[in-house]
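Work through these exercises with the model open beside you. Take each solution one step at a time.

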Amino acid sequence: GLRQVFGEDLERYGTEARRIREVLRPLAFARGRGLPQRQIWPALASELASSDLGGSGQVYSERDIGYVVREAAWYLMEASVDGEATFRLYHQAIADALREELVDDE
């Protein structure tokens, strides 16, 4: 299904696939217009990537978010709230796949 296709698509990023997956994951839980690129998104990505949740334990920064926005933009929709860019996933099925991965990793 889509989860397999999504996983295969991410693999083309090679060693960066895990970073992209972990940075995108918070958007799977975002509502409304999504998450702002600064502060909130990197903090959530870091928390969801914690080793307690089966992640890499990586701490993500705004630089990592910027990388994903540039390199994996086709997974994202951008909006603006009070002049600040916010992002959400392009399709609910991508969000479902990212959430399922987190549950399967536990």
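Contact means heavy atoms within 4.5 Å. Keep that cut-off in mind; the model is predicted.

**Exercise 1. Place Ser-50, list its contacts, and decide: is Ser-50 buried or exposed?**

Step 1. Find the loop between helix 3 (40-48) and helix 4 (62-71); Ser-50 sits there.
Step 2. Set aside residues up to four places away in sequence. Ser-50 then touches Gly-55 and Gly-57.
Step 3. Buried means under 20% relative accessible area. Ser-50 has 15% relative accessibility, so Ser-50 counts as buried.

**Exercise 2. Work out the strand order of the sheet and name its edge strands.**

Step 1. Take strand 2 and strand 3. They pair in the antiparallel sense over six bridges, and Leu-76 stands opposite Leu-89 in strand 3.
Step 2. Look at the link between them. Strand 2 and strand 3 form a hairpin with two residues between them. In the turn, Asp-82 has a positive phi of about 50°.
Step 3. Now take strand 1. Two bridges join strand 1 to strand 3 (residues 84-89), again antiparallel. Here Leu-35 faces Phe-87 in strand 3.
Step 4. Put the pairs together. The result is an open sheet of three strands in the order 1-3-2. Strand 1 (35-36) and strand 2 (76-81) are the edge strands, as each pairs on one side only.

**Exercise 3. Show on which side of helix 1 the buried residues Phe-6, Gly-7 and Leu-10 lie.**

Step 1. Recall the general rule. An α-helix has 3.6 residues a turn, so residues three or four places apart point the same way.
Step 2. Pick out the residues: Phe-6, Gly-7 and Leu-10 are buried in helix 1.
Step 3. Check the arc. They cover only 100° around the axis, so they lie on the same side of helix 1.

**Exercise 4. Describe how helix 2 and helix 4 pack.**

Step 1. Read the geometry. The angle is about 100°, and the axes are 10 Å apart.
Step 2. Classify the angle. Angles of 65 to 115 degrees count as roughly perpendicular, so helix 2 is roughly perpendicular to helix 4.
Step 3. List the residues that meet. Helix 2 brings Arg-19, Ile-20, Val-23 and Leu-24; helix 4 brings Asp-64, Ile-65, Tyr-67 and Val-68.

**Exercise 5. Which residues have the most contacts inside the largest nonpolar core?**

Step 1. The core has 28 residues. Phe-6, Ile-20, Leu-24, Leu-27, Trp-41, Leu-76 and Leu-89 have the most contacts inside it.
Step 2. Follow one of them. Beyond its neighbours within four places in sequence, Trp-41 has contacts including Val-23, Leu-35, Ile-65, Leu-76 and Phe-87.

Notes
Residues numbered from 1 in each chain as written. Predicted model: local features only at pLDDT ≥ 70, side-chain atom pairs only at ≥ 80, totals over all residues. Heavy atoms only, no water. Helix = DSSP H or I, 4+ residues; strand = E, 2+ residues; numbered from the N terminus. Buried < 20%, exposed > 50% of the residue type's maximum accessible area, 1.4 Å probe, protein only. Pairing = 2+ DSSP bridges. Core = buried A, V, L, I, M, F, W, Y, C linked by side-chain atoms within 4.5 Å. Arc of directions from axis to C-beta. Axes fitted to C-alpha atoms, helices over the stretch in contact; angles between N-to-C directions. Parallel < 35°, antiparallel > 145°, perpendicular 65-115°, else oblique.
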